[in-house]
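Student: I should like to go through the classifications assigned to this model and see how each follows from its value. May we begin with the structure itself?

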Amino acid sequence: MGHALQIMIEFPDDLARFHLPIGVQHRLDALLDRQDRGQALTDDERQEAEGLVNLADLLSLLKLRSERVGNGAAGE
């Protein structure tokens, strides 16, 4: 049988911090643009792009969760 684990995370008040830094976002955009134009990425570039997309998704999820927690706390 599985065990439940609850983790408390303190989110910063500055939600704008939950995004890729501009230089990293530019790199991801460049890789995705090349791929969209039909230019093959190297294995390393493809792994880099996948990792950056995963990181961007995680940051977005954290931002959404922190907004939900913030809205819930305001309604209590």
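Tutor: A contact here means heavy atoms within 4.5 Å. Among contacts in the protein between residues at least 6 apart in sequence, 56% join residues at least 24 apart. Please keep in mind that the model is predicted.

Student: What does the secondary structure of the protein come to?

Tutor: The protein has two helices and zero strands. Helix 1 covers 22-36 and helix 2 covers 43-74, and each of these elements gives two or more residues to the largest nonpolar core.

Student: Which residues make up that largest nonpolar core?

Tutor: Eight residues form the core: Phe 18, Leu 20, Leu 28, Leu 31, Leu 41, Ala 49, Leu 52 and Leu 59. Helix 2 supplies the largest share, three residues. As for Leu 41, its contacts beyond four places in sequence are Leu 31, Arg 34, Gln 35 and Arg 46.

Student: Why does Glu 45 count as buried?

Tutor: Buried requires a relative accessible area under 20%. Glu 45 has 14% relative accessibility, and therefore counts as buried. This residue is placed in helix 2. Setting aside residues up to four places away in sequence, Glu 45 touches Arg 27, Leu 31 and Arg 34. In the protein, buried residues make up 13% of the 76 residues.

Student: What makes the pair Glu 45 and Arg 34 a salt bridge?

Tutor: The criterion is a side-chain nitrogen of Lys or Arg within 4 Å of a carboxyl oxygen of Asp or Glu. The N to O distance between the side chains of Glu 45 and Arg 34 is 2.9 Å, so the pair satisfies the criterion. The pair links distant parts of the chain, with Glu 45 in helix 2 and Arg 34 in helix 1, eleven residues apart. The 2.9 Å separation is also listed as a polar contact, for which the limit is 3.5 Å.

Student: Is Arg 34 buried, partly exposed or exposed, and why?

Tutor: Arg 34 has 23% relative accessibility and therefore counts as partly exposed, since that class lies between 20% and 50%.

Student: How many salt bridges does the rule give, and what joins Asp 43, Arg 46 and Glu 50?

Tutor: The count comes to four salt bridges. One of them pairs Asp 43 with Arg 46, with the closest N and O atoms 2.8 Å apart; both residues lie in helix 2, three residues apart, about one turn of the helix. Another is formed by the side chains of Glu 50 and Arg 46, at 3.9 Å from N to O. The value 3.9 Å is still accepted because the cut-off is 4 Å. Glu 50 and Arg 46 are four residues apart in helix 2, and are therefore separated by about one helical turn. Salt bridges that share partners join Asp 43, Arg 46 and Glu 50 into one network.

Student: Why is Asp 43 called exposed, and what of Arg 46 and Glu 50?

Tutor: Exposed means over 50%. Asp 43 has a relative accessible area of 51%, so it is exposed. Arg 46, with 36%, is partly exposed, and Glu 50, with 47%, is likewise partly exposed.

Student: Which residues make the nonpolar surface patch of about 250 Å²?

Tutor: Leu 55, Leu 58 and Leu 61 make this patch. Leu 55 is found in helix 2. Its relative accessibility of 38% makes Leu 55 partly exposed, and the value satisfies the patch requirement of over 30%.

Notes. Residues are numbered from 1 along each chain as its sequence is written. This is a predicted model: local features need pLDDT of at least 70, side-chain atom pairs count only at pLDDT 80 or more; totals for chains, interfaces and linings use all residues. Side-chain values use heavy atoms; hydrogens and water are left out. A nonpolar core is a set of buried Ala, Val, Leu, Ile, Met, Phe, Trp, Tyr and Cys residues joined through side-chain atoms within 4.5 Å. Buried means under 20% relative accessible area, exposed over 50%, partly exposed in between (1.4 Å probe, protein chains only). Patches are made of residues with over 30% relative accessible area and no salt bridge: like charges are joined within 9 Å, nonpolar side chains (Val, Leu, Ile, Met, Phe, Trp, Tyr) within 5 Å. Accessible areas come from the Shrake-Rupley method with a 1.4 Å probe; for residues, only the protein chains shown count as cover. A polar contact is a pair of N or O atoms within 3.5 Å; within protein, one must be able to donate a hydrogen and the other to accept it, and residues adjacent in sequence count only if both atoms are side-chain atoms.
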